[in-house]
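The exercises below concern the disulfides of one chain and the setting of their cysteines. Work through each task with the model open, then compare with the solution.

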Amino acid sequence: HRKEMMKRTATFLLLISVCGSQPHDNDRFNYVATDFENRNFGPRDWEDVDCPDATNCTGWPDDWRVAINWTLARNDCRWCPSDKSTTCDKHHQSPIALTRKWADEDSKEFNICKDQHWMKYEDSSCTWEDLDDSFTIERHALKLSHPVEFNEAYQNGYRLDCSGRKRFGRIDYSWGFNAWWFLNFIDIKMPSEHTQNGKRYTAEVQHTHFFEEDPLKARNRNEMATMSVLLQAEEHYPSYPHLDRMICQWREVEARTRSQCNLDPIPDPYPGCFRPLNTTARRTREEDTTSRRTSFSDYMKYHHGDGPLYMDKENFRPTITDEEFEEFIEEQSKRDLYEQSHYPFHSYQFLIDSRTEYYFRYHGTTSIPPCYGTVPDVWGELDGHQDTNHWRVMKDPIRISMRQKNEMERLLRERIAPPDDRHNPCQADTAAAVDDEGHVSVARPLQAQDPSHMARFCACGFWTSKWPEDRAWCEIGKEKGDQHLFYDRPYNYEGPL
C-alpha cells in the first residue's frame with residue numbers, strides 16, 4: 001500500500017508541477033530503487049518504464065523495434081521475485097535460478113531435455129579492427145555490438161559494416177528451430193544474473209541474437225535468443241587474455257569520453273593496454289551522409305523506420321561440416337586458455353573458451369526493460385515459442401583474475417555519460433547498485449520459476465560432446481553416478497559449485 005501511495009503522490013506532484021511537460025520517453029531504470037519524481041525506476045517498478053516513441057525513449061536501451069517484421073509495443077516487465085514475496089500468475093520473467101535437479105531423475109524437478117545436438121556456431125566476418133569503435137559502456141552493461149552502416153545503395157537501409165565480407169556471427173539451436181540465429185550484441189553483466197545451484201558468479205556474458213526467419217514464414221513470431229557464458233574470478237588466478245583485450249577497448253572508450261568532457265584521465269594504468277588512445281572517429285554522420293556507421297543495437301532502436309536491414313547472401317551460406325567443426329574444436333582444445341598472445345578474434349570466443357557443449361535452457365524474457373517476452377495464453381512446446389527470449393546458459397564458467405573483476409566493476413561504477421547524453425552529459429551516470437566496498441550490481445534480481453519457463457539442464461546422455469573435456473567429465477558420471485557428477489564434480493575442471 002505504501003508503494004502505491006508513493007506512486008499516486010508522485011504522479012499528482014508531477015501533474016501539478018510540470019503539467020505534462022516531461023514526456024515519458026525520458027524514463028530510465030536502475031538497480032537500486034525508484035525515484036518517482038524523476039521517473040528513474042528500480043527493479044520492483046520496471047513495469048512502469050514507459051516508451052511511447054521508440055525513436056526517442058532511453059528506458060528501453062536495447063529496443064528491437066522490428067528486427068524482421070517484429071512488433072514491440074509494450075512493456076512486459078513484471079515483478080515476480082524468487083522469494084515469492086509478490087506472487088504472479090503465469091509468467092516467464094528472467095533471470096531465474098538454474099538447478100541441475102532438472103536433469104536429476106531422482107528429483108521432483110526432473111524435466112527431460114529433448115535437445116538432440118550441440119549448438120553449432122560460426123564466426124562473423126568482422127575482424128578485431130572492424131570492431132574498434134563498437135565497444136560502449138552502458139548504464140547497465142559493458143557492450144560490444146556488431147557495427148552496421150547506412151547507405152543509399154541498400155534501399156536507404158543498413159548492412160553489416162565489416163571489411164571484406166558482410167557476414168553476421170550465427171548459432172544453431174537444437175529442438176524446434178528450423179533456421180539460424182544471428183548475433184546482435186554482447187553484454188557483460190555483473191554479477192551473473194543467473195545462479196547455478198544457488199551460486200552467483202562474478203559476471204555473465206550474454207550473446208543476444210535475432211532469428212533468421214521472417215516471422216511471417218516461421219512457425220512463431222517475435223523470437224529472440226540469448227546464450228550466456230559465466231565468468232568466475234579466482235584469487236591468484238591469471239588474467240584471461242580475451243577479456244583483457246575487451247577491457248582495454250572499454251578503457252579507450254572511457255578515455256575518449258573523459259577527453260571530450262574535459263575531465264582528467266583515469267590515473268591508474270591497466271596492464272596490457274599499451275595502445276595509445278585513438279581520439280579520431282572512423283566515420284561520423286556529419287562527415288558522410290551517404291555511408292553512416294553505427295552499432296546494430298542503435299540501428300534496431302532508431303533507424304528501422306528509415307530503411308531495411310540488408311542481409312548479404314553469404315549470411316545464408318551452407319554450414320560447415322561436422323568434420324570441419326570437430327577439427328576446429330580439437331585445435332581449440334589444445335590451446336592454452338591463458339596464453340598471453342593475441343589469437344584471432346572470434347564472435348563466440350567466450351563460448352569456445354568455456355569448453356563445454358552442455359547448458360541450461362528455458363523460455364524467458366530479456367532481463368532489462370521492456371523485459372521482452374510475454375507468455376502465450378496456452379503454453380506448450382509449440383505455443384511457448386511465440387514472444388519469447390530463448391535462454392541457453394553454459395554449465396562451466398571461465399575463470400578470470402581478481403584484477404579483471406575489479407576493473408570491470410570500476411568501468412561500470414565510474415561511468416561518465418557521453419557529451420550528447422540527453423540526461424546527464426559529462427556527468428557520472430550508472431544504473432548500477434554500488435555497495436560500501438565499491439562492488440557493483442547490474443543484475444536483475446532472480447524471478448520465481450514458473451512451469452511456463454519449461455526449464456531443463458542438457459548434459460551427458462543427450463548427445464556426445466565434441467570437447468574432450470566434456471567427454472572426460474561424462475566418464476566420471478558413468479563411474480560415480482549423476483549425483484557426484486552434478487554436485488561434487490560439477491565442471492570439466494576441478495572445483496566446487
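**Exercise 1.** Determine the handedness of the link between C460 and C474, then place both cysteines in the chain.

Solution. Step 1: the angle about the S-S bond is -85°, and the link of C460 and C474 is left-handed. Step 2: C460 lies in the loop between β21 (456–458) and α7 (468–480), whereas C474 is in helix α7, and the two are 14 residues apart. Step 3: the sulfur atoms of C460 and C474 are 1.9 Å apart in this predicted model. A disulfide requires sulfur atoms within 2.5 Å, and C460 and C474 form one.

**Exercise 2.** Classify C460 and C474 as buried, partly exposed or exposed.

Solution. Step 1: the class limits are under 20% relative accessible area for buried and over 50% for exposed, with partly exposed in between. Step 2: C460 has a relative accessible area of 25%, so it is partly exposed. Step 3: C474 has 11%, and is therefore buried.

**Exercise 3.** Describe the disulfide of C126 and C162: sulfur distance, handedness, position and burial.

Solution. Step 1: the two sulfur atoms are 1.8 Å apart. Step 2: an angle of 70° about the S-S bond makes the link of C126 and C162 right-handed. Step 3: the pair joins distant parts of the chain, with C126 in the loop between β4 (120–122) and β5 (135–137) and C162 in the loop between β8 (157–160) and β9 (170–172), 36 residues apart. Step 4: C126 counts as buried because its relative accessibility is 4%. C162, at 1%, counts as buried as well.

**Exercise 4.** Which parts of the chain does the disulfide of C77 and C371 link?

Solution. Step 1: the bond between C77 and C371 has an S to S distance of 2.0 Å. Step 2: C77 sits in the loop between β2 (40–41) and β3 (97–98), and C371 in the loop between β16 (359–364) and β17 (388–394), 294 residues apart. Step 3: the link of C77 and C371 is right-handed, with 85° about the S-S bond. Step 4: both C77 and C371 are buried.

**Exercise 5.** Set these pairs against the whole chain.

Solution. Step 1: the disulfide count comes to seven. Step 2: the chain has eight helices and 21 strands. Step 3: of its 497 residues, 58% are buried. Step 4: among contacts between residues at least 6 apart in sequence, 74% join residues at least 24 apart. Step 5: the chain exposes about 21700 Å², of which carbon and sulfur atoms supply 49%.

Conventions
Residues numbered from 1 in each chain as written. Predicted model: local features only at pLDDT ≥ 70, side-chain atom pairs only at ≥ 80, totals over all residues. Heavy atoms only, no water. Helix = DSSP H or I, 4+ residues; strand = E, 2+ residues; numbered from the N terminus. Buried < 20%, exposed > 50% of the residue type's maximum accessible area, 1.4 Å probe, protein only. Contact = heavy atoms within 4.5 Å. Areas by Shrake-Rupley, 256 points an atom, 1.4 Å probe, with all protein chains shown as cover.
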